[in-house]
Amino acid sequence: MKPKVYSTYSVPEHVKEFMATYCDIREWQGDGRITRDVLLKEITDVEGLYTAGSSMVGVIDDELLNHAPLLKVISNVSVGYNNFDVEAMNKRNIIGTNTPYVLDETVADLAFALILSTARRITELDQFVKEGSWKPTTNYHETYGLDVHGTTLGIIGMGRIGEAIARRAKFGFNMDVLYFNRNRKPEAEDKYGAEYCDLTSLLTRADYIVLMTPLTPETFQIIGEEEFKLMKKSAIFINVSRGQTVDEQALIHALQNGEIYGAGLDVFEKEPVDQDNPLLQMSNVVTVPHIGSATARTEAAMAMRAAENLVAVLTGKEPIDPVGK
Ligand SMILES: O=CC(=O)O
């Protein structure tokens, strides 16, 4: 009998075909996202869980794992794995996996899309044109934005995605690159002329600040009131990591008080973001719905990589991307 696997979302056909050779897969097929209650019932007989960070399910913790006595592997279709309670998984010898590498360039593209659209006010001015506000009498000063080329970029979290952003900055936009990271990356310094500095120095010197660090207890709200105060009034803040790496109230306050110029946000404290969140009322804030890796090609590659990780464990092999041990 093949091992049973549950997927918290609908698996692309080509991936399902591959998985079906090795396991019996059931998928969440309801409307919207699966809830925790449903997942608690669905995982009682499975050896594999195929999932991605989901605010409706919350963290995969002791309570969930107590309902899944046969579970051997949890394969995340994402690079972030802050939805894993690693201790609870390790206690039970459950292997966790993620999908690094295949999404690096796509996420770096989005970081740059947010930099450019915030600096040049693309979404605001798109609206301006479409609503018919562009008139022969339009004063062009009203449409001015900020230059990106030749400025200074500060990257907080110089992992592979951080490096892909640095490459774009250095070679595409002739920017100076500063970075703050747990450890120094001499090869990034050589390749992109990136300068390692402490957080205070990065925040005071950078024109663009990109937060790209994974969410961990150490990076929870790494950017808050004090940090926004250190930034230039002309600084643009970009978050493509996780909403909880920023104190969102402090971000709102900084924007409302002109402490920074604007923000480009892929992630929020609560997702989907509440419609009455003040960030959604600000014309100098560009928002997208957590789409860092969301291109058809990259999502397909991530889905397959996650399936390979899952099947590896279920067939007694080492997964390509184990995390959290
Ligand atoms: O947010 C997306 C990911 O972690 O892959």
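Okay, let's start with one residue: Y196 is partly exposed, and its relative accessible area is 29%. Keep in mind that this is a predicted model.

So who does Y196 sit with? Its ring pairs with that of Y179: the centres are 5.2 Å apart and the planes are at 65°, so we call the pair edge-to-face. Y179 belongs to strand β7, residues 176–180, while Y196 belongs to strand β8, residues 195–196, so this pair ties together parts that sit 17 residues apart in sequence. And is Y179 buried or exposed? Buried, because its relative accessibility is 0% and the cut-off for buried is under 20%.

By the rule used here, there are 7 aromatic pairs. Another one of them is Y81 with F84, and that pair is tilted, with 6.1 Å from centre to centre and 45° between the planes. Here too we get one partner of each kind: Y81 is partly exposed at 32% relative accessibility, whereas F84 is buried at 7%.

Okay, zooming out to the whole chain. You've got 12 helices and 13 strands. The C-alpha trace spans about 70 × 50 × 35 Å along its principal axes. The radius of gyration is 21 Å, which agrees with the value near 20 Å that a compact globule of 325 residues would have. Of those 325 residues, 49% are buried.

How about contacts? Taking those with a separation of 6 or more, 64% are between residues 24 or more positions apart.

Last, the outside and the charges. The chain exposes about 15,700 Å², and carbon and sulfur atoms supply 52% of that. There are 32 positive and 46 negative charges, and their mean positions are 4 Å apart.

Key: Residues are numbered from 1 along each chain as its sequence is written. This is a predicted model: local features need pLDDT of at least 70, side-chain atom pairs count only at pLDDT 80 or more; totals for chains, interfaces and linings use all residues. Side-chain values use heavy atoms; hydrogens and water are left out. Helices (H or I, at least four residues) and strands (E, at least two) are DSSP runs, numbered from the N terminus. The radius of gyration is taken over C-alpha atoms; the globule rule is 2.2 Å times the number of residues to the power 0.38. Buried means under 20% relative accessible area, exposed over 50%, partly exposed in between (1.4 Å probe, protein chains only). Contact means heavy atoms within 4.5 Å. Accessible areas come from the Shrake-Rupley method with a 1.4 Å probe; for residues, only the protein chains shown count as cover. Lys and Arg count as positive and Asp and Glu as negative; His and the chain ends are not counted. The place of a charge is taken as NZ of Lys, CZ of Arg, CG of Asp or CD of Glu. Rings of Phe, Tyr and Trp (its six-membered ring) pair if their centres lie within 6.5 Å; planes under 30 degrees apart count as stacked, over 60 as edge-to-face and the rest as tilted.
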